Structure formats: C-alpha cells, structure tokens
Amino acid sequence: MSRLAVVVKGYPRLSETFIAQEILGLQTRGIDQLIVALRKPYDPFIHEVHRKITADVLYLPEYLKDDPARVARARRWAQAQPTYAEARALFEADFARESNAGRQRRWGQACVLAHELPDDVSWIHTHYLHTPCTVARYAAHLSGRRWSFSAHAKDIWTSAEWDLKVKLADAAWGVTCTKVNVDHLNALAGTADKVDLVYHGLDFSPFPQPDGPPGTANGATGAPVRLLSVGRAVEKKGYDDLLHALGALPASLNWHFDHIGGGEKADDLKALAERLGLTDRISWHGARPREDVIAAASRADLFVLTSKVAKSGDRDGLPNVLMEAQAMGLCCLATRVSAIPELIRDGETGVLVPPADRSAIAAALETLIRSPDTRHRLGQAAAQDVRARFSADPGLDFLADRFRKIL
C-alpha cells in the first residue's frame, strides 16, 4: 500500500492534539503517512502522542526567501511538467481574486511540495481549508494526484466564500468535526454528500476515570474552589468576558483560577486581571504539555470555557479540552456557540450560557462555586456521556477505511 501525505500548517503543535491523535490513530490502523508541514514548530513542549508518531516529516520553506535555491529548483521542475499549465491556471484564477504575497507564497510552497513528494505517496490529505489546503490543492494538480481534506473551525469561518466553494468543488471528498460545519460546507458545495461528519473524539486511555471522592469546596469555608481553563489567549476563547465575570463575583466568595495556554493576548489578559483586582486569585501557567493539563484537571473543581465568535468570524468547533475535562468527571461551564451544544446538554451534562454574556457567566459561576453537589452530579453525568458518545475510534475507523480504498 502506498503512503498518504498529510499536510498541516505546523508540526508538532501543542494546540492541535486532535490532529496528532488522528495521525497516530491512522498509523496504528496500518496507514503509512508522510507529514508535510508549512512551518517548523514554535511550541516549547510536545505531547506524548507526538513521541509515538513514526511518520517522516517534510518541512516546506515557511517563507520563500528562507531557501531560494530550493524554491527555484522546484519552480524549474514544475514548469517542465505536463500538468503545469492547468495548475498555474488555477493559481492565476485565485490570484485574480486575492492578489497578495501570501497567495504567491502558497504557490511557491506547492511547487516545492509537488517536486519533493516521494513516488510512494499517492494521495494528499490536508488539515484545514485555508492556507494548508491552498498548498495541497496546487501541489495535487502539479503532481497529478488527488486530494481530500479535514476542515475544523477557523479555516471555515474566516475564509472567503468563493475560496471555500472552489476548494469544495475540486476536492475528492472531505470531513469535518461538527454538524454545524457539515451543514454549512455542504450548503456551499451544493450537495449533501461532499463533506461527512467525523467527530475527533478522544482516546480516553490517558485520562483517569472519575472515581475519586466528590469535592466539597463551596466558596465559603475551607479551601478555595479551583477553576480551570485550557485554551489559547485569543479573542474567540472569550477570556476577557470570563475575567469580567470573575470580577463581578462577591468579594467573599473563595475561588482561584488557573489558566493554561499561550497566545497573543496573554499579556493583555494579565493586565486586565490586574485592573480588575484579580491578580492574587489567578495563576497563569502558559503553554504546558498534556500530562500537566491532566494533573491540573485532577486538582480542579470546575472547568470554564467562555468561547465566542470573534470579530473576524473565527470561532471554536468542538473544543477537545471540554471533552477531556468531562472524561475526567470535571463539571464544565461553557457557552452556546458553534458545536459546543452538540457536546454539553445544559443542566444534564454541564452548564451552558450565552456567549459574551458576562452577567450570565458570573451568575452561573457563583451558582456552581457554591454547589459542590451540583458540580459532582453534572461531572459524573458528563463523564459517562462523553465516554459513550465521543470515542475517537469510530471516526478513525471511518477515515482508515476511506484511505485503504484509495492508497
């Protein structure tokens, strides 16, 4: 069986355990892969799942000026191919609509990818419909291969509609991780079967069963109620709303908030916390490997993620961190945005509030902080539900079967 080229924006990345989990899951199902990354890693750690992946990695030049000789060789090779005129016409049509340096960079990267793909690679699969897909699509046409995609969140909701339609029409098939995404993409494709629903799900083996005694912290006496959130400090995660909600809680309520994750707004959030007088009640841990996240969740009483739609249209899909917290029996407070209601049933397996509604977030926080019994009931129900409905195995089996038929 030939190999599958899997195109990603960067590898490995701490925030994309779902992609690493998929690569490893396909590996264990006998699908040989070549990972193609548009840039080298910047994160200070890797997860254990990355250590288990044995696939080779091909790094493309992040910027064409990084290796002009390599790019020039690839361009000369591309121009000599019988596929060049058709592939170049695709690029020219896109460039007419989006005339910028980024589009030119993707063409150069595609030339390198098509030139350097080993002969035993027969199919290209790309994660994300934005820049990695652009490179994968041009490279597929240049190299005479077909391609498919996995779409996620930002790539769908911040891409131009014309760009999505072009790619949907050109791809052999695609999958995405929420029903909201499926409905949106198939509507753009004008067909009901271009894109299938494949939940990422979880490999539950790293996560301890919720078999410890229920917590008793109630925000009034004894130890503080430990609040935890894991996510990048970016607009769509809604951490500004969460901090304002925390600032609105009664001063007598005893809690402590731990945040794990890097991100461009980290310094802004710390400054906001200081202005709100919350600095002594918050610990900012930065980016951490999964084992540290699991340890933090084991100590926590309540998991909070107040996602919202960013001004750019970017939004979460179905955050893995919520599934991970639920798998450990940790009660989750989240927002009704994107596909989160596909995971959490309000009042049954967690608590949902409207996105960006700081008063509602504060009210829900206060109720849950004061009620360890409610947290325990919702956390136990969530663990049972997520382990029953969101195992990674069905989705991995679906993808492996698809790839076996074409490799």
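Hi everyone, here is a short walk through two sheet regions of this structure and its cysteines. Please keep in mind that this is a predicted model.

Let's start with the open sheet. It has 7 strands in the order β3-β2-β1-β4-β5-β6-β7, and the pairing is parallel. Which strands stand at the edges? They are β3, residues 56-59, and β7, residues 195-197; each has a single partner strand, so one side of each is left without a neighbour in the sheet. From one strand to the next, the twist averages 25°.

If you have the model open, go to the β3 edge. Strand β2, residues 33-39, pairs with β3 in the parallel sense, and 4 bridges hold that pairing in the count. One residue to click on here is I35 in β2, which stands opposite V57 in β3.

Now for the helices that lie across this sheet. Helix α9, residues 179-189, lies across β5 (146-151), β6 (174-176) and β7, and runs at about 165° to β7. Helix α17, residues 393-406, lies across β1 (3-10), β4 (121-127), β5, β6 and β7. Its angle to β4 is about 150°. So β5, β6 and β7 have both α9 and α17 lying across them.

Next stop, strand β8, residues 225-230. How many of its 6 residues are buried? The count is 5, so this strand is mostly covered. β8 pairs with strand β9, residues 255-260, in the parallel sense over 6 bridges. To get from β8 to β9, the chain passes through helix α10, residues 239-247, and this β-α-β crossover is right-handed. β8 also runs parallel to strand β11, residues 302-305, joined to β11 by 2 bridges. L228 is a nice residue to look at here: its bridge partner in β9 is D258, and in β11 L228 stands opposite F303.

Last topic, and one for anybody thinking about cysteines. How many disulfides does a search of the whole structure find? The result is 0. Take C111: the closest cysteine sulfur to its own is in C133, and at 16 Å that is too far for a bond. C111 counts as buried, because its relative accessibility is 1%. For C133, the closest cysteine sulfur is in C177, 15 Å away, which is again too far for a bond. C133 is buried as well, with a relative accessible area of 0%.

That's my tour; thanks for listening!

Terms used:
Residues are numbered from 1 along each chain as its sequence is written. This is a predicted model: local features need pLDDT of at least 70, side-chain atom pairs count only at pLDDT 80 or more; totals for chains, interfaces and linings use all residues. Side-chain values use heavy atoms; hydrogens and water are left out. Two strands pair if DSSP finds at least two bridges between them. Axes are lines fitted to C-alpha atoms, for helices over the stretch in contact, and angles run from 0 to 180 degrees between N-to-C directions. Contact means heavy atoms within 4.5 Å. A disulfide is a pair of cysteine sulfur atoms within 2.5 Å. Buried means under 20% relative accessible area, exposed over 50%, partly exposed in between (1.4 Å probe, protein chains only). A crossover is right-handed if, with the strands pointing away from the viewer, the path from the first strand over the helix to the second runs clockwise.
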